[in-house]
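Dear colleague,

I am handing over the structure we spoke about, and below it you will find my notes on what turned up when I went through it. Please read them with the model open beside you.

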Amino acid sequence: LGDGNKIVAMSRPRNDACDHGFMRGRWHQINPVVGAFLGVVGNGDGALAGHVRGIYGTRRNGDKVVYGKFIDREGRFRGILVGTYAGGNWDARWLTRAGDHGEIHGVYWPGPSLRAGGFLARWSENSCR
């Protein structure tokens, strides 16, 4: 760079066999306490892995909760998502019939219509480092 500073960037491929990737989609506020989300799931290479859909809302006690399901490209159930959201961030556990399978961390921005709000998230199995 012109002022004598230097930048070094390095990377290395992942060698673990865990499932991981990204999610993106719509985050639609239906009323002040309830909303819905709908999106696509990509794997670690960016290829389509399935889709997610669910609801979010505020319970009577004030807790902000998220519930959804993850379906793969062939239409098979991959698990449910159970978590919380607040302040533009959401976190969820990925649960299967065998128990806790992974986690999701992301951001959201609500909108008054299905075309106005959205979310982005990173997901991974528990075995990922």
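Val34 lies in strand β2, and at 35% relative accessibility Val34 counts as partly exposed, because the partly exposed class runs from 20% to 50%. Together with Ile30 and Val33, Val34 forms a nonpolar patch on the surface, and the accessible area of these residues together is about 230 Å². Please bear in mind throughout that this is a predicted model.

As for the fold, the protein chain contains 8 strands and 0 helices, so that reading along the sequence gives the pattern β-β-β-β-β-β-β-β. The 8 strands close into a barrel, in which they follow the order β1-β2-β3-β4-β5-β6-β7-β8 with antiparallel pairing, and from one strand to the next the twist averages 25°. In general terms, strands of a sheet pair through backbone hydrogen bonds, and the pairing can be either parallel or antiparallel.

Some of the pairings can be followed residue by residue. Strands β6 and β7 run antiparallel and are joined by 8 bridges, and here Asp91 stands opposite His105 in β7. Strands β7 and β8 are likewise antiparallel, with 8 bridges between them, and Gly102 stands opposite Glu125 in β8. Strand β8 is also joined to β1, by 6 bridges and again in an antiparallel sense, and within that pairing the bridge partner of Gly21 is Trp123 in β8.

Is β8 enclosed or open to the outside? Of the 8 residues of β8, 6 are buried, so this strand is largely enclosed by the rest of the structure. For the protein chain as a whole, which has 129 residues, buried residues make up 33%.

Turning to the interior, the largest nonpolar core has 19 residues, and those that touch the most other members are Met23, Trp27, Val52, Trp90, Ile104 and Phe119. At least two residues of this core come from each of β1 (20-31), β2 (34-43), β3 (48-58), β4 (64-72), β5 (77-86), β6 (89-96), β7 (99-109) and β8 (118-125). As a general tendency, nonpolar side chains in soluble globular proteins are buried together. The surface patch of Ile30, Val33 and Val34 may therefore be worth viewing alongside the core when you open the model.

With best wishes

Key. Residues are numbered from 1 along each chain as its sequence is written. This is a predicted model: local features need pLDDT of at least 70, side-chain atom pairs count only at pLDDT 80 or more; totals for chains, interfaces and linings use all residues. Side-chain values use heavy atoms; hydrogens and water are left out. A nonpolar core is a set of buried Ala, Val, Leu, Ile, Met, Phe, Trp, Tyr and Cys residues joined through side-chain atoms within 4.5 Å. Buried means under 20% relative accessible area, exposed over 50%, partly exposed in between (1.4 Å probe, protein chains only). Helices (H or I, at least four residues) and strands (E, at least two) are DSSP runs, numbered from the N terminus. Patches are made of residues with over 30% relative accessible area and no salt bridge: like charges are joined within 9 Å, nonpolar side chains (Val, Leu, Ile, Met, Phe, Trp, Tyr) within 5 Å. Accessible areas come from the Shrake-Rupley method with a 1.4 Å probe; for residues, only the protein chains shown count as cover. A salt bridge is a side-chain nitrogen of Lys or Arg within 4 Å of a carboxyl oxygen of Asp or Glu. Two strands pair if DSSP finds at least two bridges between them. Axes are lines fitted to C-alpha atoms, for helices over the stretch in contact, and angles run from 0 to 180 degrees between N-to-C directions.
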